[in-house]
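Grab a pencil and work through these short exercises on charged side chains. Each task comes with a worked solution.

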Amino acid sequence: MEPEHPGCEAAVAFCAEAWHRHRARCALEANLSRAGVAEEEFWVHYHSWVAAMQGEYPAALLERVKTYARAGGTVLDIGAGAGAFAIPLAAMSRRVTAVEPSPAQVAQLTAAIERAHVANIDIVESTWEDTDIEAPGSHDLILAVHSFQMDDIAAALRKMCAAASHCVLLIHTAGHSLSALSRELFDIEPGPDYMYLHQVLLGLGYDPKVEFVNYSYNIPLEMQLDILRYNPGLDDSQCAALRDHLVSRGSTVVRDGTLWLNRSYRDALIAVTAGNKS
């Protein structure tokens with residue numbers, strides 16, 4: 001897709017550098033590095049964490065994503081993970097290309113495709129930066145859901161827009177129920193939110209539309225604390241303090257002897273659609 005209006009390279013450079021600096025402080029890789037954990041170790045556990053969640057993820061987001069996909073069209077899913085979006089979208093698409101760099105996630109995705117008896121998903125085991133695009137506009141929908149582990153965000157978004165013929169759909173955080181609490185208790189800054197992506201797209205000359213989806217889920221409290229030991233890297237004393245705080249404020253429930261945490265999320269869906277003029 002071509003930009004709708006002239007871009008501003010100075011604005012793009014400013015926002016992209018701000019994204020890079022923010023990620024260097026508190027994005028996933030920075031948090032894992034401080035915790036002394038290899039990134040792939042995080043992804044090895046990721047599927048089991050998501051599988052344990054009970055609630056509205058990914059259904060709340062998936063229903064909105066489907067409205068941007070063209071029946072019989074092609075989809076490129078960046079950071080496809082274990083196929084939470086790629087597999088359902090394959091049912092309405094001619095072809096889905098799933099780009100996923102993590103070997104652990106690729107193994108989960110391959111197994112999920114086999115279980116679902118899906119024949120129209122191609123897996124590309126690569127980062128988005130290293131993925132070859134067949135031709136400009138080669139996919140109707142380019143989708144990226146919480147998969148922005150990219151230092152050069154401007155180049156990554158340019159590449160997405162070039163690869164799309166109809167729509168680029170980005171889904172990224174607009175806040176969650178633990179972000180303010182982590183800052184209050186431990187002075188932990190959350191990672192960069194959706195505004196960076198929105199501003200870079202504006203600078204590139206596109207006219208991104210933003211909508212928000214709120215959803216919630218429950219997860220065993222000890223499993224949530226285990227996740228937080230990786231990202232943002234809480235130590236045992238911080239986990240104990242957070243556990244006490246969550247229980248005392250009524251954020252947990254007991255089910256069959258297990259303590260579950262109630263989580264709420266707000267995600268931004270940023271859409272660039274061909275023909276949108278500002």
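**Exercise 1.** Is Glu 189 buried, partly exposed or exposed?

Solution. Step one: Glu 189 has a relative accessibility of 33%. Step two: check the cut-offs, where buried is under 20% relative accessible area, exposed is over 50% and partly exposed is in between (1.4 Å probe, protein chains only). Step three: Glu 189 therefore counts as partly exposed.

A quick note on the source: this is a predicted model, so local features need pLDDT of at least 70 and side-chain atom pairs count only at pLDDT 80 or more, while totals for chains, interfaces and linings use all residues. Residues are numbered from 1 along each chain as its sequence is written, and side-chain values use heavy atoms, leaving out hydrogens and water.

**Exercise 2.** Which residue forms a salt bridge with Glu 189?

Solution. Start with the rule: a side-chain nitrogen of Lys or Arg must lie within 4 Å of a carboxyl oxygen of Asp or Glu. Arg 25 is the partner, with the closest N and O atoms 2.9 Å apart. Next, place the two: Glu 189 is in the loop between helix H8 (179-186) and helix H9 (194-204), and Arg 25 is in helix H1, 164 residues apart. Helices here are DSSP runs (H or I, at least four residues), as are strands (E, at least two), numbered from the N terminus. Arg 25 is partly exposed too, at 41%.

**Exercise 3.** Which residues do salt bridges with shared partners join into one network?

Solution. Take Asp 151 and Arg 23, whose closest N and O atoms are 2.7 Å apart in a salt bridge. Then add Glu 29, and the network is Arg 23, Glu 29 and Asp 151. Finally, check the cover: Arg 23 is buried at 7%, whereas Asp 151 is partly exposed at 43%.
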